[in-house]
Amino acid sequence: MAKDNGHDARIISAKLVSQIRQNQKADKNDALAIVQASQLVDIKFINGKTFEQQEQHSTMRMRELTVKHKVALRNQIEALLLEFNIRVSSRRGGLGGTVQGMLEDAEKGFPDYLPGSATEPVVIA
């Protein structure tokens with residue numbers, strides 16, 4: 001966009017700017033470091049990403065975030081089951097097999113030691 005309006009827009013490496021910055025990170029100090037870096041004789045500017053490269057990068061980051069959430073949710077479910085002394089085992093089909101077994105047990109009726117089987121409601125404080 002800047003180039004379309006006749007400006008000479010270039011990208012400088014953030015690592016280079018951080019090495020040149022003299023004081024703590026602040027907008028004023030960053031701007032000064034960028035100006036100083038652009039004045040260097042053998043500076044190599046970075047090529048910008050194309051729209052397709054930005055799309056691919058965004059897709060990869062969204063996928064990584066989805067995997068993180070999936071792992072976090074799995075760990076949380078396993079921890080909650082462990083509070084009821086239900087261990088997830090790969091011999092029983094992992095988390096899916098454990099949940100499937102619990103659902104089958106629920107159809108038959110829970111044993112007395114699990115919440116929901118008592119005649120009185122379970123109160124969580």
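**Figure 1. Arg-74 sits partly exposed in its helix, with 39% relative accessible area.** Welcome to a predicted model, which we will explore through a few close-up views. In this view, Arg-74 forms a salt bridge with Glu-78, and their closest N and O atoms are 3.1 Å apart. Glu-78 counts as partly exposed too, because its relative accessibility is 24%, which falls between the 20% limit for buried and the 50% limit for exposed. Where do Arg-74 and Glu-78 lie? Both belong to helix α3, which covers residues 51–83, and they are four residues apart, or about one turn of the helix. In an α-helix there are 3.6 residues a turn, so residues three or four places apart point the same way.

**Figure 2. Helix α3 reaches 48 Å from its first C-alpha to its last.** Here we step back to look at the helix that holds Arg-74 and Glu-78. Helix α3 is built from 33 residues, and its reach is close to the 48 Å expected at 1.5 Å a residue. The chain has four helices and zero strands, so you can read the order of its elements from the N terminus as α-α-α-α.

**Figure 3. Just after α3, Asn-85 takes a positive phi.** What is the phi of Asn-85? The angle is positive, at about 60 degrees, although Asn-85 is not a glycine. Asn-85 lies in the loop between α3 and α4, the latter covering residues 94–108. Is Asn-85 buried or exposed? Asn-85 counts as exposed because its relative accessibility is 59%, and the cut-off for exposed is over 50%.

**Figure 4. Thr-98 is a buried residue of helix α4.** The relative accessible area of Thr-98 is 5%, and the cut-off for buried is under 20%, so Thr-98 counts as buried. The side chain of Thr-98 has a polar atom that lies 2.9 Å from the backbone oxygen of Gly-94. Which residues are in contact with Thr-98, once its neighbours within four places in sequence are left aside? They are Leu-81, Ile-86, Arg-87, Val-88, Ser-89 and Arg-92.

**Figure 5. Arg-21, Lys-25 and Asp-30 are linked in a network of salt bridges.** Asp-30 takes part in two pairings that you can trace here. With Arg-21, Asp-30 forms a salt bridge whose closest N and O atoms are 2.8 Å apart. With Lys-25, Asp-30 forms another, and there the closest N and O atoms are 2.7 Å apart. How accessible are the partners Asp-30 and Lys-25? Asp-30 counts as buried, at 14% relative accessibility, whereas Lys-25 counts as exposed, at 62%. Together with the pair formed by Arg-74 and Glu-78, these belong to the three salt bridges that the structure holds.

**Figure 6. Asn-29 is buried in helix α2, which spans residues 27–38.** Asn-29 has a relative accessible area of 17%, so this residue falls under the 20% limit for buried. A polar atom of the Asn-29 side chain lies 2.7 Å from the backbone oxygen of Gln-24. Which residues does Asn-29 touch, not counting residues up to four places away in sequence? The answer is Arg-21, Asn-23 and Gln-24. You have met Arg-21 before, as a member of the salt-bridge network in Figure 5.

**Figure 7. The largest nonpolar core has six residues.** Its members are Ile-12, Val-17, Ile-20, Ala-33, Ala-37 and Ile-43. Which elements give two or more residues to this core? They are α1, covering residues 14–20, and α2. A good place to start looking is Ala-33, which is in contact with Val-17, Ile-20 and Arg-21 when its neighbours within four places in sequence are left aside. Of these contacts, Val-17 and Ile-20 are members of the core themselves, while Arg-21 forms a salt bridge with Asp-30.

**Figure 8. Of the 125 residues of the chain, 12% count as buried.** This last view takes in the whole chain around the close-ups. The accessible surface comes to about 11200 Å², and 55% of it belongs to carbon and sulfur atoms. What part of the contacts between residues at least 6 apart in sequence join residues at least 24 apart? The share is 29%.

Key
Residues are numbered from 1 along each chain as its sequence is written. This is a predicted model: local features need pLDDT of at least 70, side-chain atom pairs count only at pLDDT 80 or more; totals for chains, interfaces and linings use all residues. Side-chain values use heavy atoms; hydrogens and water are left out. Buried means under 20% relative accessible area, exposed over 50%, partly exposed in between (1.4 Å probe, protein chains only). A polar contact is a pair of N or O atoms within 3.5 Å; within protein, one must be able to donate a hydrogen and the other to accept it, and residues adjacent in sequence count only if both atoms are side-chain atoms. Contact means heavy atoms within 4.5 Å. Accessible areas come from the Shrake-Rupley method with a 1.4 Å probe; for residues, only the protein chains shown count as cover. A salt bridge is a side-chain nitrogen of Lys or Arg within 4 Å of a carboxyl oxygen of Asp or Glu. The expected span of a helix is 1.5 Å times one less than its number of residues. A nonpolar core is a set of buried Ala, Val, Leu, Ile, Met, Phe, Trp, Tyr and Cys residues joined through side-chain atoms within 4.5 Å.
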